[in-house]
Amino acid sequence: GQDLSRLQQQRGGPVGLGEIAHILDCVHKALHFAHSKNVCHCDIKPANIMIRDADNTVLLSDFGIASVMNQQAKGGTPLYMAPEQLLGGSANVRTDIYSVGVTLYQLLSGRPPFLKREEILQKAAPPLRQFNSSLSPRLVQVVERAIAKNPNDRHRNVTELWQDFEHARQSSTMTRVHHSSLMGVKGQNTSKKIDISDKGLTIGHGPDNQLRLGDSSVSRVHA
C-alpha cells in the first residue's frame with residue numbers, strides 16, 4: 001500500500017469526500033481504542049496513515065512516540081502539532097484531535113493549514129474554501145473547530161469529530177442532490193415520474209453523492 005501523503009502528491013490536489021469519510025472512520029476507531037487505553041498517538045499526519053491496496057483498509061501507523069495521556073509528548077511533526085504541544089504541554093485527546101483536523105484540512109485543500117511553526121502559534125488558518133470552493137460552510141466549520149488554537153474549543157473526543165464531519169458531509173450531499181433536482185431549462189417542467197421499489201430508491205452516481213431513501217422518504221413524483 002501507500003500512505004496518504006504520497007497518494008495526495010500523486011493526485012495533485014484534494015481527496016474526495018467519500019474517501020475522506022472512509023479514512024476518518026478508520027482513523028477515529030483506531031484513536032478511540034488508543035485513547036480508551038490512556039494512550040495518545042502524538043504524531044498523526046498523512047504520512048502515518050496507510051491504505052492497503054488489496055482491500056482499501058486504512059491503517060494508523062507509527063505509534064513510536066505515543067505517550068501516556070496527560071504526560072509531555074516526546075516529539076512529533078511540527079506542522080501537525082497542536083500549539084500547546086509545540087510549547088511543551090502534555091499530550092491528550094485534544095492534541096490528537098488537532099492533528100486529525102490538520103490532516104483533514106490537508107486532504108480537503110491539498111496543503112496543510114500552516115507552513116511554519118510561528119504560524120501555528122500566531123495566525124489563523126487560511127480559509128479552506130480558498131483552496132476548495134466546493135466545500136460547504138458546515139464542513140469548513142467542523143475542520144476549523146478541530147484545529148482551534150484553544151484546546152477547549154475543539155471536539156471533546158474523536159467520536160464527536162467523526163460524527164460532526166459525517167453529519168456535515170451528508171448534509172452537503174443532500175443539498176447538492178436537491179439543488180441538482182431543481183435545475184433545468186427555464187420555463188420547462190423538469191418533474192420526472194420514476195418507478196419505486198418496495199425497499200426504496202438509490203440516487204447518485206458515486207460514493208460522494210449517493211443517497212438511499214426509504215419507502216417513507218420517497219413520493220411517486222420526484223422533481
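This is a short walk through one protein chain, from its overall make-up to a few of its residues.

Hi everyone, thanks for coming. Please keep in mind throughout that we are looking at a predicted model.

Let me start with the whole chain. There are 223 residues, and 43% of them count as buried. In terms of secondary structure, the chain has 7 helices and 9 strands. If you take the contacts with a separation of 6 or more, 60% of them are between residues 24 or more positions apart. As for the outside, the accessible surface comes to about 12200 Å², and carbon and sulfur atoms make up 50% of that.

Now, the inside. Which residues touch the most other members of the largest nonpolar core? They are Leu104 and Phe165, in a core of 48 residues. Several elements give two or more residues to this core: helices H1, H2, H4, H6 and H7, along with strands S3 and S4. H4, which spans 93–109, gives the most, with 9 residues.

Let's stay with Phe165 for a moment. Setting aside neighbours within four places in sequence, Phe165 is in contact with Leu17, Ile20, Ala21 and Leu24, and also with Leu104, Leu139 and Val142. If you have the structure open, helix H2 runs over 17–36 and helix H6 over 137–146, so do click through those contacts yourselves. Next, the sheet. Three strands form an open sheet, ordered S1-S3-S4, with antiparallel pairing. As a reminder, strands of a sheet pair through backbone hydrogen bonds, either parallel or antiparallel. The edge strands here are S1, residues 2–3, and S4, and each of them pairs on one side only. Between S3 and S4 there are 3 bridges, in the antiparallel sense. One pair to look at is isoleucine 49, whose bridge partner in S4 is leucine 60. Helix H2 packs on this sheet, touching S3 and S4, and the direction of H2 makes about 40° with that of S4.

On to two helices with a clear inside and outside. In H1, the residues Leu4, Leu7 and Gln8 are buried. Why do they sit on the same side of H1? Because they cover an arc of only 95° around the axis. The cover over the buried residues of H1 includes S1, H2, S3 and H4. Turn to the face of H1 that points away from the buried side, and you meet the exposed residues Arg6, Gln9 and Gln10.

H6 can be read in a similar manner. Its buried residues include Leu139, Val140, Val142, Val143 and Ala146. These cover an arc of only 155° around the axis, which places them on the same side of H6. On the other side of H6, Pro137 and Gln141 are exposed. Leu139 and Val142, as you may recall, are among the contacts of Phe165.

Last stop: leucine 121, in helix H5, which covers residues 117–122. Leucine 121 has 29% relative accessibility, and therefore counts as partly exposed, since buried would require under 20% and exposed over 50%. What does leucine 121 touch, beyond residues up to four places away in sequence? The answer is Pro83, Leu86, Leu87 and Lys149. With lysine 149, the separation is 28 residues in sequence, while the C-alpha atoms are 7.7 Å apart in space.

That's my tour. Thanks for listening, and I'm happy to go back to any of these spots.

Note on methods:
Residues are numbered from 1 along each chain as its sequence is written. This is a predicted model: local features need pLDDT of at least 70, side-chain atom pairs count only at pLDDT 80 or more; totals for chains, interfaces and linings use all residues. Side-chain values use heavy atoms; hydrogens and water are left out. Helices (H or I, at least four residues) and strands (E, at least two) are DSSP runs, numbered from the N terminus. Buried means under 20% relative accessible area, exposed over 50%, partly exposed in between (1.4 Å probe, protein chains only). Contact means heavy atoms within 4.5 Å. Accessible areas come from the Shrake-Rupley method with a 1.4 Å probe; for residues, only the protein chains shown count as cover. A nonpolar core is a set of buried Ala, Val, Leu, Ile, Met, Phe, Trp, Tyr and Cys residues joined through side-chain atoms within 4.5 Å. Two strands pair if DSSP finds at least two bridges between them. Axes are lines fitted to C-alpha atoms, for helices over the stretch in contact, and angles run from 0 to 180 degrees between N-to-C directions. The arc is that of the directions from the helix axis to the C-beta atoms.
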